[in-house]
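Student: I have just opened this one and would like a walk through it. Could we start with the words we will need?

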Amino acid sequence: MKKIEIKSRFDGSILVSGEYESIKDCLVKNRGSNLSGAYLRGCDLSGADLRGCDLSGSDLRSAYLRGCDLWGAYLRGCDLRGCDLWGAYLRGCDLSGSDLRSAY
């Protein structure tokens, strides 16, 4: 276990903090929390169950979301440039205003 803090990309405030196995573990265990604006650039979230998660406005550039379950997730205005979305389940996911350039 290690101490993990997920901070806002806008003002640096701490959105979630605690002892977790990984950032993926932290996000899954805090799925109902408001994580909008989270700074998660380059994170390995492959296979994570993030159904209905509010990550609006988050920085997910170059994040590894392969096989991630994002059903109904709120990703409005996210920066997803260079993100690996191969096999991700995106049904009902709100991607309005998100930057998906070079995402695959």
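Tutor: Let us begin with exposure: a residue is called buried when its relative accessible area is under 20%, exposed when that area is over 50%, and partly exposed in between, using a 1.4 Å probe and protein chains only. With that wording, Ser-62 is partly exposed, because its relative accessible area is 48%. Before we go on, please note that this is a predicted model, in which local features need pLDDT of at least 70 and side-chain atom pairs count only at pLDDT 80 or more, while totals for chains, interfaces and linings use all residues. Residues are numbered from 1 along each chain as its sequence is written, and side-chain values use heavy atoms, with hydrogens and water left out.

Student: Okay, which helices and strands does the chain have, and in what pattern?

Tutor: The chain has one helix and two strands, and along the sequence they follow the pattern β-β-α. Here helices (H or I, at least four residues) and strands (E, at least two) are DSSP runs, numbered from the N terminus.

Student: How do β1 and β2 pair, parallel or antiparallel?

Tutor: Strand β1, residues 2-7, and strand β2, residues 14-20, pair in the antiparallel sense over six bridges, where pairing requires that DSSP finds at least two bridges between two strands. One of the bridge partnerships joins Lys-7 to Ile-14 in β2. The two strands form a hairpin with six residues between them, and Gly-12 in the turn has a positive phi of about 75°.

Student: Which residues other than glycine have a positive phi?

Tutor: Among them are Ser-62, with a positive phi of about 60°, and Ser-102, whose phi is near 60°. Ser-62 lies in the segment after α1, and Ser-102 is found in the segment after α1 as well. Ser-102 counts as exposed, because its relative accessibility is 59%.

Student: Changing topic, which residues touch the most other members of the largest nonpolar core?

Tutor: That core has 28 residues, and Ile-6, Leu-40, Leu-45, Leu-50, Leu-60, Leu-65 and Leu-75 touch the most other members. The elements that give two or more residues to this core are β1, β2 and α1. A nonpolar core is a set of buried Ala, Val, Leu, Ile, Met, Phe, Trp, Tyr and Cys residues joined through side-chain atoms within 4.5 Å. As a general tendency, nonpolar side chains in soluble globular proteins tend to be buried together.

Student: Let's stay with Leu-75: where is its place, and what is it in contact with?

Tutor: Leu-75 has its place in the segment after α1, the helix of residues 23-29, and Leu-75 is buried, with a relative accessible area of 3%. Contact means heavy atoms within 4.5 Å, and, leaving aside neighbours within four places in sequence, Leu-75 is in contact with Leu-55, Ser-56, Leu-60, Leu-70, Cys-93, Asp-94, Leu-95 and Ser-98. Leu-60, in turn, touches residues including Leu-40, Leu-45, Leu-75 and Leu-80, not counting residues up to four places away in sequence.

Student: And Tyr-89, buried or exposed, or in between?

Tutor: Tyr-89 counts as partly exposed, because its relative accessibility is 41%. Leaving aside neighbours within four places in sequence, Tyr-89 is in contact with Cys-68, Asp-69, Leu-70 and Trp-71. Tyr-89 and Arg-51 are 38 residues apart in sequence, and their C-alpha atoms are 9.2 Å apart in space.

Student: How many disulfides does a search of the whole structure find?

Tutor: The search finds zero disulfides, a disulfide being a pair of cysteine sulfur atoms within 2.5 Å.

Student: Why is Cys-53 without a bond?

Tutor: Because the closest cysteine sulfur, in Cys-68, is 9.0 Å from the sulfur of Cys-53, which is too far for a bond. Cys-93 is in no disulfide either, and the nearest cysteine sulfur, that of Cys-78, is 8.2 Å away.

Student: Last one, what is the radius of gyration of the chain?

Tutor: The chain has 12 Å, which agrees with the value near 13 Å that a compact globule of 104 residues would have. This radius is taken over C-alpha atoms, and the globule rule is 2.2 Å times the number of residues to the power 0.38. Of the 104 residues of the chain, 41% count as buried.
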